[in-house]
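Let's take a friendly walk through this structure together. Please have the sequence and the 3D view open as you read.

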Amino acid sequence: MKLMQFFQSRIYIALTLMLSVLLIGVFGYRFLSDLTWVDALYMTIITVTTVGFSEVGPMDTQEKIFTVILIILSVFILAFSISVITEYILSRNSLQELKKKKVKNKIDNLSGHVIVCGFGRNGMQAVERLKAYKKPFVVIERDKEVIEKYDEELLFVEGDANEDEILLAAGLDRAQYLITALPDDAANLFVVLSARQLNKDLFIVTRASLVTSQKKLLLAGANKVIMPDKIGGDHMASLIVMPDLITFMDKLGVEGEHTTNLEEVAIEDFKGQVECNSLRDLDLRKRTGCTIIGYIEPSGNYIINPEADLQLQPKSKVIVLGRPEQIRKLNEMFSIG
């Protein structure tokens, strides 16, 4: 970035010098030879460019000396300008190649990451949440302007997510999750089909606009289908029917020192550090301030507000509620990352 700024500053210097030569030539011929402004500009251009056209009239010794100085000055400045522009173009291409290789190396080192297809409204929201939870991710986007706008912050793969090569370039074979947030249901369907064929163990979350697309996407291999328009409508209606409850629920996912937060933790994360026979053994309320509000059995069955004596099973999870500082204490205490 600093190198590009250096070259850009040199280009500005070169342009300033070229403009200065033109102004010196125009004013010099205007007042030394008493030419009109048009003739002075004409003499300056043919002198600076050394095209060899005839002068507007005979020249005295003073004018000839001025012309010689102007030619020498313009030749040096033109040579400097050409070298600066050439260096800028070559360095820009080199930096772009270097940046692409750097991004590729970072993606190649990822494993168990999230791939987000599409960086529109829903894709951006997904990325913001992934960043908040420090989940590694790669974005597939084909709009070059969007990529150039955010490429300093995010890892991008430029291309169409429907192409297997692009999915593999994003590390699909090593990824754990895929979010496809393309605006077209048919495009999402193709991405889900391709991704499921390339990685059988992938957990796929996809966006859908039409109710009729939901079943097709599930059959194609999606694990979850989200309909943003439906959720938005339900949310707006709920804010009227039970505003305080919905506002409280919204705050559960908000980042901040004075808001609550939710986290899901695998029972295996507690093994070897505390007794894990029952929820009472964990005693997270006393240790971290977090409250266990849910339990997920290995079969996927959800238990809301479980009893303290509930026996914990391998490969199960607990859902905890707490303020951000309490969640951080939980993660640090049990090295959950």
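The paragraphs below look at surface patches and then at cysteines.

Keep in mind that this is a predicted model. A good place to begin is the nonpolar surface patch, which covers about 780 Å². Its members are Leu19, Leu22, Leu23, Phe27, Phe31, Trp37, Leu41 and Ile45. Two elements each supply two or more of these residues: helix α1, spanning 2-32, and helix α2, spanning 37-48. Of the two, α1 provides the largest share, with 5 residues. If you follow the patch to Ile45, you will find yourself in helix α2. Ile45 has a relative accessible area of 38%, so this residue counts as partly exposed.

Now turn to a patch of another character. Asp143, Glu145, Glu148 and Glu158 together form a negative surface patch. One of them, Glu148, sits in helix α5, which runs over residues 144-150. Glu148 counts as exposed because its relative accessibility is 53%, and the cut-off for that class is over 50%.

From the surface, let's move on to the cysteines. How many disulfides does the structure hold? The count is 0. Cys276, for instance, takes part in no disulfide, and the cysteine sulfur nearest to it, belonging to Cys290, is 16 Å away. A pair would have to lie within 2.5 Å to count, so Cys276 and Cys290 do not qualify. Is Cys276 buried or exposed? Its relative accessibility is 11%, so Cys276 counts as buried. Cys117 is likewise buried, because its relative accessibility is 0%; the class takes in values under 20%.

Methods:
Residues are numbered from 1 along each chain as its sequence is written. This is a predicted model: local features need pLDDT of at least 70, side-chain atom pairs count only at pLDDT 80 or more; totals for chains, interfaces and linings use all residues. Side-chain values use heavy atoms; hydrogens and water are left out. Buried means under 20% relative accessible area, exposed over 50%, partly exposed in between (1.4 Å probe, protein chains only). Patches are made of residues with over 30% relative accessible area and no salt bridge: like charges are joined within 9 Å, nonpolar side chains (Val, Leu, Ile, Met, Phe, Trp, Tyr) within 5 Å. Accessible areas come from the Shrake-Rupley method with a 1.4 Å probe; for residues, only the protein chains shown count as cover. A salt bridge is a side-chain nitrogen of Lys or Arg within 4 Å of a carboxyl oxygen of Asp or Glu. Lys and Arg count as positive and Asp and Glu as negative; His and the chain ends are not counted. The place of a charge is taken as NZ of Lys, CZ of Arg, CG of Asp or CD of Glu. Helices (H or I, at least four residues) and strands (E, at least two) are DSSP runs, numbered from the N terminus.
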